[in-house]
Amino acid sequence: MEFSEREMDRLIEMAWEDRTPFDAIAAQFGVGEGEVIKLMRRAMKPSSFKMWRKRVQGRKTKHSNRQETLRFKSTRQRNISNNRISNR
């Protein structure tokens, strides 16, 4: 696939982020995990790619089907209901 420079930058940024799953990248850009790895290998310096690959490999948050929670919510965060902030 051919991507514009802006799309390629965004794809690399999403792949670099720890909490963005490969499924989200696939949904937005239409490329699977293997293709993302190939793109990252071509776009990055070898040392940066190795560091990224080591960090991402086996990480639960990069593989959404293994993800236990969809979103982190702090216990200090207020509940929002009916467009009004609920009292504690």
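**Close-up views of helix packing and salt bridges**

The structure holds three salt bridges, and the legends below describe them together with the helix contacts of this predicted model.

**Figure 1. Overview of the protein chain, with its four helices and two strands.** Read from the beginning of the sequence to its end, the elements follow the pattern α-α-α-α-β-β. Of the 88 residues in the protein chain, 26% are buried. When contacts between residues at least 6 apart in sequence are considered, 49% of them join residues that are at least 24 apart.

**Figure 2. Packing of helix α1 (residues 5-16) and helix α2 (residues 22-29).** Two packed helices are described by the angle between their axes and the distance between the axes. For α1 and α2, the axes come within 10 Å and cross at roughly 165 degrees, which means that α1 is roughly antiparallel to α2, since an angle over 145 degrees counts as such. The crossing of these two helices is right-handed. On the α1 side the residues that meet α2 are E7, R10, L11, M14 and A15, and their counterparts in α2 are A24, I25, Q28 and F29. Sorted by class, this contact of α1 with α2 comprises six nonpolar residues, one polar residue and two charged residues.

**Figure 3. Q28 in the contact between α1 and α2.** Q28 has its place in helix α2, and Q28 is among the residues of that helix that meet α1. With a relative accessible area of 48%, Q28 is partly exposed, because the partly exposed class runs from 20% to 50%. Q28 and L11 are 17 residues apart along the chain, while their C-alpha atoms are separated by 8.9 Å. L11 is one of the α1 residues taking part in the contact with α2.

**Figure 4. The salt bridge between R10 and E13.** Side chains of opposite charge can pair when their charged atoms come close. In the pair formed by R10 and E13, the closest N and O atoms are 3.5 Å apart, which falls within the 4 Å allowed for a salt bridge. R10 and E13 are three residues apart in helix α1, so about one helical turn separates them. R10 is partly exposed at a relative accessible area of 32%, and E13 is likewise partly exposed, with a relative accessibility of 41%. R10 also belongs to the group of α1 residues that meet α2.

**Figure 5. The salt bridge between R55 and D18.** The closest N and O atoms of R55 and D18 are 2.7 Å apart. R55 lies in helix α4 (residues 46-56), whereas D18 lies in the loop between α1 and α2, so this pair ties together parts of the chain that are 37 residues apart in sequence. R55 counts as partly exposed, at 25% relative accessibility, and D18 is also partly exposed, with a relative accessible area of 27%.

**Figure 6. The salt bridge between R42 and E35.** In this pair the closest N and O atoms are 3.8 Å apart, a value that remains within the 4 Å cut-off. R42 is exposed, with a relative accessible area of 61%, whereas E35 is partly exposed, with a relative accessible area of 29%.

**Figure 7. Packing of helices α3 and α4.** The helices α3 and α4 pack at an angle of about 150 degrees, and their axes are 8 Å apart. This angle is over 145 degrees, and therefore α3 is roughly antiparallel to α4. The crossing in which α3 passes α4 is right-handed. I37, M40 and R41 of α3 make the contact with F49, W52 and R53 of α4. By class, the contact of α3 with α4 contains four nonpolar residues, no polar residues and two charged residues.

**Figure 8. R41 and R53 in the contact between α3 and α4.** R41 is found in helix α3 (residues 33-43) and counts as partly exposed, at 49% relative accessibility. R41 and R53 are 12 residues apart in sequence, and in space they are 9.3 Å apart from C-alpha to C-alpha. Both residues take part in the contact, R41 from α3 and R53 from α4.

Note on methods: Residues numbered from 1 in each chain as written. Predicted model: local features only at pLDDT ≥ 70, side-chain atom pairs only at ≥ 80, totals over all residues. Heavy atoms only, no water. Axes fitted to C-alpha atoms, helices over the stretch in contact; angles between N-to-C directions. Parallel < 35°, antiparallel > 145°, perpendicular 65-115°, else oblique. Left-handed = near helix turned anticlockwise from the far one by under 90°. Contact = heavy atoms within 4.5 Å. Nonpolar A, V, L, I, M, F, W, Y, C, P; charged D, E, K, R; others polar. Salt bridge = Lys/Arg side-chain N within 4 Å of Asp/Glu carboxyl O. Buried < 20%, exposed > 50% of the residue type's maximum accessible area, 1.4 Å probe, protein only.
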